[in-house]
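Please work through the exercises below with the sequence and the structure at hand. Each one sets a task and is followed by a solution that goes step by step.

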Amino acid sequence: AVPSGSTISRTVEISAAYNFIQPGPYSVTATVLVRDTGEAFQVAYPRRVELVKGITLLEQEVGLPTLPADPNAPAETRRYALVQVRHNSQLFLYFRLADAAGTKIYRTFPLGPLVAFGRPEFQIDRRSYLHVLFQSGARAFTYSAINPSGDVVIRHLHENVGARPSLVTDAAGDILVKGGLRRPQPTDLPPALT
């Protein structure tokens, strides 16, 4: 219900309702139905979406941690994927989160630009977080940690200064970036302290 004179916005996952198999351009439009009058209003300007094929670099099934409130609940699994996509002669690295069978996509989003000769490093920690380190520029490396819900919880930029950055596991079992030099950015998660 939307009060008169108000505006709202909604995010809708359309891939669950439509079979986007063929790469190419698609046009997406929305229709709003007013329940009381039965009138339908179509959005004046459809959005163009370009569907491109990617190359899956990693696909890993992970188990989700059980909740303390229900330790006897059946185990749930998810499938992480890192996908390389070429768009307008630029390579990008994408993250995709799906169900265990890979048939239901929960989230897909870009992690950043990817250099052609770089191969992303990845590790999964004891909490089922995916840690990814990839070369995003001549001397720049982007590090991201993503939780099982598909949220980026850490995003940092590291430079290849002194030693090439790499993922390591410390004595406590945590995954971190060793080598290089971290360069604080406005896009850091959590935000960098100034």
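**Exercise 1. In this predicted model, work out in which order the five strands of the open sheet stand, and which strands stand at its edges.**

Step 1. Following the pairing from one strand to the next gives the order β9-β10-β11-β12-β15, and the pairing is antiparallel.

Step 2. The edges of this open sheet are β9 and β15, because each of them has a single partner strand, so that one side of each is left without a neighbour in the sheet.

**Exercise 2. Describe how β10 is held between its partner strands, and how its side chains are placed.**

Step 1. Begin with β9 (121-124), which pairs with β10 (130-135) in the antiparallel sense over four bridges. Within this pairing, E121 has L133 of β10 as its bridge partner, while F122 has V132.

Step 2. Turn next to β11, residues 140-146, which runs antiparallel to β10 and is joined to it by six bridges. Here V132 stands opposite S144 of β11, so that V132 takes part in bridges to both neighbours, given that it is also the partner of F122.Step 3. Look at the connections: β9 and β10 form a hairpin with five residues between them, and a hairpin of four residues joins β10 to β11.

Step 4. In a regular strand the side chains alternate between the two faces of the sheet. In β10, L130, V132 and F134 point one way, whereas H131, L133 and Q135 point the other way. Six of the six residues of β10 are buried, with buried meaning under 20% relative accessible area.

**Exercise 3. Find out where S89 and S128 lie, and decide whether each is buried or exposed.**

Step 1. Most residues other than glycine have a negative phi, and most peptide bonds are trans. Phi of S89 is near 65°, and phi of S128 is near 70°, a positive value in each case.

Step 2. S89 belongs to the loop between β6 and β7, while S128 is found in the loop between β9 and β10, in the turn of the hairpin that these two strands form.

Step 3. S89 counts as exposed because its relative accessibility is 68%, and exposed means over 50%. S128, by contrast, has a relative accessible area of 8% and is therefore buried.

**Exercise 4. Locate the cis peptide bond that joins L189 and P190.**

Step 1. The bond between L189 and P190 is cis, with omega at about -20°.

Step 2. To place it along the chain, note that P190 is in the segment after β15 (181-182).

**Exercise 5. Describe the largest pocket and the second largest pocket by volume and by lining.**

Step 1. The largest pocket has a volume of about 1,500 Å³, and 35 residues line it, with S15, F20, L51, I105 and T108 lying nearest its centre. Elements giving two or more residues to this lining include β1 (24-28), β4 (47-51) and β8 (105-113), and the largest share, six residues, comes from β8.

Step 2. By class, the lining of the largest pocket holds 20 nonpolar, eight polar and seven charged residues.

Step 3. The second largest pocket has a volume of about 610 Å³. Its lining is made up of 16 residues, of which V2, I8, T31, V32 and L33 lie nearest the centre.

Step 4. Strand β2, residues 31-33, gives the most to the lining of the second largest pocket, with three residues. This lining divides into 10 nonpolar, three polar and three charged residues.

Terms used
Residues numbered from 1 in each chain as written. Predicted model: local features only at pLDDT ≥ 70, side-chain atom pairs only at ≥ 80, totals over all residues. Heavy atoms only, no water. 1 Å grid on protein atoms, 1.4 Å probe; cavity = no way out; pocket = protein on both sides within 12 Å on 5 of 7 lines; lining within 4 Å. Points joined across faces, edges and corners; volume = space filled by probe spheres on them. Nonpolar A, V, L, I, M, F, W, Y, C, P; charged D, E, K, R; others polar. Buried < 20%, exposed > 50% of the residue type's maximum accessible area, 1.4 Å probe, protein only. Pairing = 2+ DSSP bridges.
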